[in-house]
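Hello,

Here is the structure I promised to pass on to you. Please open it and keep it beside this email as you read.

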Amino acid sequence: MVGKRSITNSFLVNNSKNPVAPFEVVVQVNKNGGICDVILPKTQAKPIKPVDTSKGEAVRAYNAAKKEYDCYMRERAALRSEVFDHYQGRQLHSAYVEETLDNFLTHLLNQ
């Protein structure tokens, strides 16, 4: 979780589908400069639960949207986990790590 005093760096990752709007990935580092959190961009909004649950059609539409959103979030969690498998604890301000992280994120987000 990113707080007020957190040390963060933003990476603009090339978006092959829409080159005008690159992905913004926020990387949080600990006090020693090691990568401790990665915040990937969200491209899908969370569905809003219907107020009136007596209408079956609205509830069915919400349930379908909720399943789709949950699947999307599982995919995002898997991507985040994959980034952590390779880069958690590494020094962000190393030129090699910055370059390989940028390439890795570009490949990962443009699949």
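Below is what I found in it, going from the whole chain to its pockets and then to three residues.

**The chain as a whole**

Please keep in mind that this is a predicted model. The protein chain contains two helices and three strands, and from the N terminus they follow the order β-β-β-α-α. How spread out is the protein chain next to a compact globule? Its radius of gyration is 18 Å, and the globule rule gives 13 Å for 111 residues; the chain is well over that, so it is more spread out than a compact globule. You can look at the outline as well: along the principal axes, the C-alpha trace spans about 55 × 30 × 25 Å.

Of the 111 residues, 30% are buried. The chain has an accessible surface of about 7,800 Å², and carbon and sulfur atoms hold 52% of that surface. If you take the contacts with a separation of 6 or more, 48% of them are between residues 24 or more positions apart.

**The two pockets**

The largest pocket holds about 250 Å³ of space. Two elements give two or more residues to its lining, namely helix 1 (56–87) and helix 2 (95–109). Helix 1 has the largest share, with four residues. To find the place on your screen, pick out some of the lining residues, including Asn15, Phe23, Thr43, Tyr72, Arg76, Leu108 and Gln111. Sorted by class, the lining has five nonpolar, four polar and three charged residues.

The second largest pocket has a volume of about 160 Å³. Which elements supply at least two residues each to its lining? They are strand 3 (35–39) and helix 1. Here, too, the largest share comes from helix 1, with four residues. Among the residues that line this pocket are Asp37, Val38, Ile39, Met73, Ala77 and Arg80. The classes in this lining are six nonpolar, no polar and four charged residues. One residue to look for is Arg76, which lines the largest pocket and also lines the second largest pocket.

**Three residues to click on**

Start with threonine 43, which you have just met in the lining of the largest pocket. Threonine 43 sits in the loop between strand 3 and helix 1. Is threonine 43 buried or exposed? Its relative accessible area is 57%, and exposed means over 50%, so threonine 43 is exposed. Apart from neighbours within four places in sequence, its contacts are Tyr72 and Arg76. Both Tyr72 and Arg76 belong to the lining of the largest pocket as well. For a sense of distance, try glutamine 28: it is 15 residues from threonine 43 along the chain, and their C-alpha atoms are separated by 20 Å.

Next, go to valine 25 in strand 2 (residues 23–29). Its relative accessible area is 0%, and buried means under 20%, so valine 25 is buried. Which residues does valine 25 touch, not counting those up to four places away in sequence? They are Asn9, Ser10, Phe11, Val13, Val38, Ile39, Leu40, Pro41, Leu105 and Leu109. Among these, Val38, Ile39, Leu40 and Pro41 also line the second largest pocket, while Leu109 lines the largest pocket. Lysine 42 is 17 residues from valine 25 in sequence, and the two are 9.9 Å apart in space, C-alpha to C-alpha.

Last comes leucine 101, which lies in helix 2. With a relative accessible area of 1%, leucine 101 is buried. Leaving aside neighbours within four places in sequence, leucine 101 is in contact with Phe11, Val27, Ile35, Val83, Tyr87 and Leu92. You may recognise Phe11, which is touched by valine 25 too. Asparagine 18 is 83 residues from leucine 101 along the chain, and the C-alpha atoms of the two are separated by 21 Å.

Have fun exploring, and write back with any questions.

Best wishes

Terms used: Residues numbered from 1 in each chain as written. Predicted model: local features only at pLDDT ≥ 70, side-chain atom pairs only at ≥ 80, totals over all residues. Heavy atoms only, no water. 1 Å grid on protein atoms, 1.4 Å probe; cavity = no way out; pocket = protein on both sides within 12 Å on 5 of 7 lines; lining within 4 Å. Points joined across faces, edges and corners; volume = space filled by probe spheres on them. Nonpolar A, V, L, I, M, F, W, Y, C, P; charged D, E, K, R; others polar. Rg over C-alpha atoms; globule rule 2.2 N^0.38 Å. Buried < 20%, exposed > 50% of the residue type's maximum accessible area, 1.4 Å probe, protein only. Contact = heavy atoms within 4.5 Å. Areas by Shrake-Rupley, 256 points an atom, 1.4 Å probe, with all protein chains shown as cover.
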